[in-house]
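Work through the exercises below with the model open. Try each task before reading its solution.

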Amino acid sequence: MSDVSHIAVIGAGTMGSGIALTSALGGKQCTLIDVQQSQLETARAYHDKQLSKLVAKEKLSAEDATNAQSLLSYTTEMGDASDADWAIEAATENVEVKKTLFQLMRDTFNDEVVLATNTSSISISDLATAVEGAEDRVIGMHFFNPVPVMKLVEVIKGVKTSEATTNATIALSEALGKIPVPANDFAGFVSNRVLMPMINEAFHAWEDGVADPEAIDSIMKLGCAFPMGPLRLADYIGLDVCRDIMMVMYNGLNENPKYLPNQKLVDLVEAGKLGDKSGEGVYNYTKE
Ligand code: CAA
């Protein structure tokens with residue numbers, strides 16, 4: 001578990017592609033896996049663009065950028081990464097999807113490989129039940145968007161996660177330039193237990209007419225020193241992701257109504273307005 005050299009990242013969405021770029025910049029070979037070829041192409045374009053930007057800003061030499069590019073590969077077949085010595089699942093926030101992927105990961109990678117998940121809210125112990133015999137290697141390794149910029153990795157042990165797995169996760173997070181911080185295995189962990197109700201409350205404030213979205217965001221940026229206001233951040237995270245995390249917390253924390261997603265948030269998701277990724281959410285990003 002000690003010398004990680006090849007990381008398999010499963011899921012090439014925003015988080016998976018960010019984790020892959022961070023891994024390559026940290027000198028690790030990284031195979032990004034997704035069932036959709038188009039998603040892999042989007043990830044590759046994001047990597048090329050970010051590396052060029054770093055070179056243009058003189059934060060990375062052209063040689064190091066080429067080296068990072070050569071460490072990255074993209075495939076629709078998990079088997080192509082069967083020699084990986086670390087796996088991070090970063091697929092959609094759905095328990096059944098993740099459990100199916102975990103079984104495939106256990107069957108693909110060798111018996112020493114840590115099976116980490118970037119889940120933002122789902123119970124690690126519950127996910128581990130999908131891989132009987134390998135529960136000690138399952139751990140939460142929760143990165144933040146944009147992954148290359150945000151320092152935190154929230155590390156969550158399941159009931160059967162071994163000490164060796166935890167220590168190796170802390171070591172790898174640090175090797176990638178991140179700061180690992182532990183949290184216990186409650187729905188939403190710490191980050192989303194605190195962040196999502198605040199975002200949800202901003203929707204309630206908008207719905208109640210306390211202020212319009214621009215004013216809500218300005219107040220929180222200027223008055224509380226947030227880099228983005230809560231509604232802008234909700235668009236950035238994805239409104240569907242925010243709704244899903246609220247529902248995981250509602251179901252996982254005794255159906256406490258304080259975790260029910262705001263109706264305006266739900267309506268936007270149902271209208272396909274998911275935020276930045278769909279071009280419109282609380283704000284419209286297609287306007288000039
Ligand atoms: N990938 C890589 N680098 C990126 C990036 C991306 N997607 N987006 C921005 N950056 C880099 C920029 O290149 C820039 O780098 P330099 O300082 O080297 O020039 C730096 O970040 C700052 O970017 P910008 O100047 O373009 O813009 P900014 O100063 O407004 O910062 C931001 C952008 C970093 C996103 C900032 O607005 C921010 O910190 N926002 C809050 C983000 C946040 O809260 N994330 C957590 C979300 S919750 C989550 O992820 C977990 C979950 O479970 C839901």
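The exercises cover the sheet, the helices on it, the ligand shell and two backbone details.

This is a predicted model, in which local features need pLDDT of at least 70, side-chain atom pairs count only at pLDDT 80 or more, and totals for chains, interfaces and linings use all residues. Residues are numbered from 1 along each chain as its sequence is written, and side-chain values use heavy atoms, with hydrogens and water left out.

**Exercise 1. The sheet**

Task: Work out the strand order and find the edge strands.

Solution:
- Step 1. Identify the elements: helices (H or I, at least four residues) and strands (E, at least two) are DSSP runs, numbered from the N terminus.
- Step 2. Apply the pairing rule: two strands pair if DSSP finds at least two bridges between them.
- Step 3. Read the order. Eight strands make an open sheet, 3-2-1-4-5-6-7-8, with mixed pairing.
- Step 4. Find the edges. Strand 3 (72–75) and strand 8 (179–183) each pair on one side only.
- Step 5. Check the twist. From one strand to the next it averages 25°. Axes are lines fitted to C-alpha atoms, for helices over the stretch in contact, and angles run from 0 to 180 degrees between N-to-C directions.
- Step 6. Inspect one pair. Strand 7 (residues 152–157) is parallel to strand 8, over five bridges. Here Leu152 stands opposite Ile179.

**Exercise 2. Helices on the sheet**

Task: Which strands does helix 1 touch, and which does helix 4 lie across?

Solution:
- Step 1. Set the contact rule: heavy atoms within 4.5 Å.
- Step 2. Take helix 1 (residues 14–25). It touches strand 1 (6–10), strand 2 (29–33), strand 3 and strand 4 (86–89). Its direction makes about 165° with that of strand 2.
- Step 3. Take helix 4 (residues 95–108). It lies across strand 1, strand 4, strand 5 (114–117) and strand 6 (138–142). It runs at about 160° to strand 5.

**Exercise 3. The ligand shell**

Task: Describe the residues that surround the ligand.

Solution:
- Step 1. Collect the shell, using a heavy atom within 4 Å as the test. It holds 19 residues; the closest are Tyr46, Lys57, Lys59, His142 and Asn145.
- Step 2. Look for polar contacts (pairs of N or O atoms within 3.5 Å). Side-chain N or O atoms lie 2.5 Å from a ligand oxygen in Lys59 and 2.9 Å in Asn192. For Lys57, the distance is 2.7 Å.
- Step 3. Trace the elements. Helix 2 (37–56), helix 7 (191–208) and helix 9 (230–237) each supply at least two shell residues. Helix 9 gives the largest share, three residues.

**Exercise 4. Backbone details**

Task: Where do Pro146 and Phe189 lie?

Solution:
- Step 1. Pro146 is in the loop between strand 6 and strand 7. A cis peptide bond joins Asn145 to Pro146, with omega about 0°.
- Step 2. Phe189 is in the loop between strand 8 and helix 7. Its phi is near 50°, a positive value in a residue other than glycine.

Definitions and conventions:
Polar contact = N/O pair within 3.5 Å; in protein donor to acceptor, adjacent residues only side chain to side chain.
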